[in-house]
Structures are given as C-alpha cells and as structure tokens.
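Please look over the notes below alongside the model. They deal with one helix and one sheet.

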Amino acid sequence: MARIRPDITVPDLSGKLAVVTGASDGVGLGLATRLAGAGAEVVMPVRNRRKGEAAVATIRSRHPHAAVSLRDVDLASLDSVAALGDRLRGENRPIHVLVNNAGVMTPPTRQSTMDGFELQFGSNHLGHFALVANLLPLLRAGAARVVAQISVAADENAINWDDLHWQRSYHARRAYSQSKIAFGLFGLELHRRSQAAGWGITSNLSHPGIAPTNLLAARLELGRTKDAVGVRLIRALSRGGIVGTVETAVLPALFAATSPDAGGARLFGPSRFRHMSGPPAEQAVYTRLRGADDAARIWRISEELTGTAFPAALPAR
C-alpha cells in the first residue's frame, strides 16, 4: 500500500507578494511552487540565473499562470543584498511573505564571504539579517509573515562568541550550528521587536527535518567534490520512509508562512520521530534559542557587522 504523504491546506494568497530566498532548487523551489499555486506572486532572489530560470520553468509547468520572477542576489555579499533591497524598495510593493530559506552547509574547509565573514555565518545569518533590514519598510507595509529557516543543528553546539568567524580553528559542523543558532535568535528577536515597536510583522522559525536536499551534495564551489556520506544515507532513509522527502520538508516553513494558526515567535517542524519527518507542527523552541540576552547580543553584533540598523530598537538589556 502506498504511503499517504503529509500535506497542509494553503489559504488563498491572491494579491499577496511573497519573496523566497534559495528558491532555485530543493525546499526553496518547493516553497515557491506552493505559494505560487495558492495565488501569490512570488519573487525569487537567486545567485545563479541559469538555475533560477530552470526553477521558474518548473513552477510554470505546474502552474502555467503563475506570477513568478527572478531578482539577483548573493547572500555572501552585503553589497548584493543592499542592491536587492534598493531594487525592491524602488518597486515600492508591500511584501506579505518573506521566507529566508537559502543556506550553505559544512564546506570542508573554511571559506569567507565577500566581506570577510565565515561563509556559513555570513550567508545563512548575516546576509538574511541585512536583507530583512533592507526590506523592513516593505515588510511593515505588508504586515508580513517572516520565516527563518533554521535546522535541527540549531539544537546542538553553541555560538563561538570569542571567534565568530572561526579564524583560529574551523569546525564545519559547529560553524553551521552557530549560523543556525544565530539566525534562530534573530528570528525570535525580530518578532519581539515588532511587537514592542508596532511594526506589524509576524516572525516565526521553521526547520525541514531531515530530507534528501542538495545541502550536502557535491558542490565544487564549496570544495566538496562528491556527495557527502551523510546525503547518501539520507537518500536511502528517505526512500524507506524513515526520514522526510523534499515535499514534506517544505511543509513547516509553508505552514509558518501561511497558516492562520501560526502565531509569532514559534518554531515549526516535522512532527514524527525525532522531528525528522511527517506533517508540520509546533514544537518547543530549542534551548539554545531561548536566551533573550543572547538574542539582543547577536542582534547588536549583526547590526555592527552588516552596517545596518533597525529603527525603534528596544532599550538595551
């Protein structure tokens, strides 16, 4: 008997504008497809135009009348993020959904962004932090739902406060965890500050569980010449139904971005064994993400590193 795949009902999003980072493949492409299928106009900021154009074609093969378009961005470059912000602010259209989904995972050797940050911390966290800051007027105008896509890795390791850029000693998995912990702290703090300052933004966290995406696949630009052992195992476990699929991995962020039952400052992930697969549900916020002082600290550091500032900040704790 065929397994019944988990799914959710997405409300009508006609007239809404959604922005999804990392939408050229994997979970991001799945998110963009589902949002477009529900009637949203979807903007897909991409680093690789060729992959982006293929993703648009995939979406339109599913939804021929979908309103989808590309913009250029490299989250490893603050200049590129600022240019995207300038362009979207110039278009002056309220944004109703922003899913910060793009990410890089565990390059085997330390790499840097254009601005000299460790690549995972710089792309997964700082690039998205700067993007939200640049888009804040449009997010406020759309009373947006903002989703920070974190990872089960945010429930392990810690922020390396004394060496945020891993210059003294690089550990790929710990650096990845740090980027997702920082990003999770930011996502929760964004909701707190929105509530305090009246921005009207609802900010949630999601994680996709475990699924056979391309995060651990061979990527020459990351110095990974072949698929990691982990991704081969994940593919096998996915086929056996033990972990999720790309289709189920989409659901937590989709729920966080669209469901009327998804309030702010919450974490959504798969609900089955060890939150690896299954339908999305709220789960307890990871211990490492609960410290308001840590959230305020990473916020201040991120403003300094990115040269961005949010208005009406809360008083210093």
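The points below take up the helix, then the sheet and the helices packed on it.

1. The model is a predicted one. Helix α3 covers residues 78–91, which makes 14 residues. At 1.5 Å a residue the expected span is 20 Å, and the end C-alpha atoms are 20 Å apart, so the two values agree.

2. Buried positions in α3 are L78, S80, V81, L84, G85 and L88. Because they cover an arc of only 160° around the axis, they lie on the same side of α3. D79 and G90 are exposed, on the face of α3 turned away from the buried side.

3. What do the buried residues of α3 pack against? Their partners are two strands, β2 (41–46) and β3 (68–72), and two helices, α4 (119–141) and α9 (292–306). After α3 comes N92, with a positive phi near 55°.

4. The sheet is open and has 8 strands in the order β3-β2-β1-β4-β5-β6-β7-β8, with mixed pairing. Strands β3 and β8 (280–283) each have a single partner strand, so one side of each lacks a neighbour in the sheet. From one strand to the next, the twist averages 25°.

5. Strands β6 (residues 202–206) and β7 (residues 267–270) run parallel and are joined by 2 bridges. L205 has L267 of β7 as its bridge partner.

6. Helix α2 (residues 49–62) packs on the sheet, where α2 touches β2 and β3; its direction makes about 170° with that of β3. Helix α8 (residues 251–258) lies across β4 (97–100), β5 (145–149), β6, β7 and β8, and runs at about 160° to β5.

Definitions and conventions. Residues are numbered from 1 along each chain as its sequence is written. This is a predicted model: local features need pLDDT of at least 70, side-chain atom pairs count only at pLDDT 80 or more; totals for chains, interfaces and linings use all residues. Side-chain values use heavy atoms; hydrogens and water are left out. Helices (H or I, at least four residues) and strands (E, at least two) are DSSP runs, numbered from the N terminus. The expected span of a helix is 1.5 Å times one less than its number of residues. Buried means under 20% relative accessible area, exposed over 50%, partly exposed in between (1.4 Å probe, protein chains only). The arc is that of the directions from the helix axis to the C-beta atoms. Contact means heavy atoms within 4.5 Å. Two strands pair if DSSP finds at least two bridges between them. Axes are lines fitted to C-alpha atoms, for helices over the stretch in contact, and angles run from 0 to 180 degrees between N-to-C directions.
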